[in-house]
Amino acid sequence: MPLTWKDSGLRWYWVAALVFLADQLSKQWVLANFELYESIQLLPFFNFTYVRNYGAAFSFLSEAGGWQRWLFTIIAVGFSTLLTIWLRKQSYSLWRSNLAFTLVIGGALGNLVDRLMHGFVIDFVDFYWNTSHYPAFNIADAGIFIGAVLIIWESFRPDAKPSKEQD
C-alpha cells in the first residue's frame, strides 16, 4: 500500500476537483441566466434547458416525497468515501482506475451540493431526436457516467501490474 499521497491514487484528486468546479460553475450560470424550463436550442438535436431533478438518474424516485434527498445524500457521501479510500490504497500509476474513481467522486460531490443547497439537482443538457428527449443531465452526471463506464471497462481487463516505465 502506498504510504504518501504522492505515491497513491490520491494524486489524481485534481480530476475530482475539476469536475466539481466545472459542474458547480455551470449550474450557477444556469441559475443566473435561465428561468425554470427555459430552453435555448443550440443544435438541431441539443438544447440548454433548465430543469430540476428531485430524484436520481432518469428522475428515479423523483416523486417519493422528499426522503430520497437524504438517501441520495448518504449514497453520494458513502461512495465518495469508499472511492477515496481505494484511491489511497492504490498506486498513482493505475491511471484508468484513478481517473474513473475521481470522475465519479467529482460528479457525486457536485450533485450532493445541489441536493443539500436546493433539495434538487440542476440539470440543463438536453439531447433529443424529433420528439424523443434523453433525460436532461449536467456535468456531474457526465462525470459519474464516464467514471462508471471506465470502472466497468477496467473490470474486464486482465490484471496488469504497473511497470516502472509508468512511474
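## Helices H3 and H4

H3 passes H4 in a left-handed crossing. This comes from a predicted model, and in it the two axes get within 7 Å of each other, at a crossing angle of roughly 150°. For antiparallel the cut-off is over 145 degrees, so H3 and H4 count as roughly antiparallel. H3 covers residues 95–118 and H4 covers 139–156.

On the H3 side, the contact includes Arg96, Leu99, Phe101, Leu103, Val104 and Gly107. H4 answers with residues including Asp141, Ile144, Ile146, Leu150, Ile151, Trp153 and Glu154. Sorted by class, the H3 and H4 contact comes to 13 nonpolar, six polar and three charged residues.

## Helices H1 and H3

H3 also packs on H1. Here the axes again come within 7 Å, but the crossing angle is roughly 35°, and H1 passes H3 in a right-handed crossing.

From H1, the residues involved are Tyr13, Val15, Ala16, Val19, Phe20, Asp23, Gln24, Lys27 and Leu31. They meet a set in H3 that includes Leu99, Thr102, Leu103, Ile105, Leu109, Val113, Asp114 and His118. The class count for H1 with H3 is eleven nonpolar, seven polar and three charged residues.

## Overall layout

Zooming out, the protein has four helices and four strands, and they run along the sequence as α-β-β-α-α-β-β-α. Of its 167 residues, 38% are buried.

What share of the contacts between residues at least 6 apart in sequence joins residues at least 24 apart? That share is 67%. One pair separated in sequence is valine 77 and leucine 112: they sit 35 residues apart along the chain, with 8.0 Å between their C-alpha atoms. Valine 77 belongs to helix H2, residues 67–89. With a relative accessible area of 40%, valine 77 is classed as partly exposed.

## The nonpolar cores

Which residues make up the largest nonpolar core? There are nine: Val30, Phe34, Phe46, Phe48, Tyr50, Phe120, Ile122, Phe124 and Val125. Strand S2 (46–53) and strand S3 (121–129) each put in at least two of them. Apart from that core lies another one, made of seven residues, with Trp12, Val15, Tyr92 and Leu150 among them. As a general backdrop, nonpolar side chains in soluble globular proteins tend to be buried together.

Phe34 is a handy place to start exploring the largest core. Leaving out residues up to four places away in sequence, phenylalanine 34 touches Trp29, Ile40, Phe48 and Tyr50. Two of the residues named earlier link back to the helix contacts: Val15, listed in the seven-residue core, is one of the H1 residues that meet H3, and Leu150, also listed in that core, is one of the H4 residues in contact with H3.

## Two positive phi values

If you're checking backbone torsions, two loop residues deserve a look. Tyrosine 37 has a positive phi of about 75°, although it isn't a glycine. Its place is the loop between helix H1 (13–33) and strand S1 (39–43). Is tyrosine 37 buried or exposed? The cut-off for exposed is over 50%, and tyrosine 37 has 61% relative accessibility, so it counts as exposed.

The other is asparagine 130, another residue other than glycine with a positive phi, near 55°. Asparagine 130 lies in the loop between S3 and strand S4 (132–133). With a relative accessible area of 61%, asparagine 130 is exposed.

Technical notes. Residues numbered from 1 in each chain as written. Predicted model: local features only at pLDDT ≥ 70, side-chain atom pairs only at ≥ 80, totals over all residues. Heavy atoms only, no water. Core = buried A, V, L, I, M, F, W, Y, C linked by side-chain atoms within 4.5 Å. Buried < 20%, exposed > 50% of the residue type's maximum accessible area, 1.4 Å probe, protein only. Contact = heavy atoms within 4.5 Å. Axes fitted to C-alpha atoms, helices over the stretch in contact; angles between N-to-C directions. Parallel < 35°, antiparallel > 145°, perpendicular 65-115°, else oblique. Left-handed = near helix turned anticlockwise from the far one by under 90°. Nonpolar A, V, L, I, M, F, W, Y, C, P; charged D, E, K, R; others polar.
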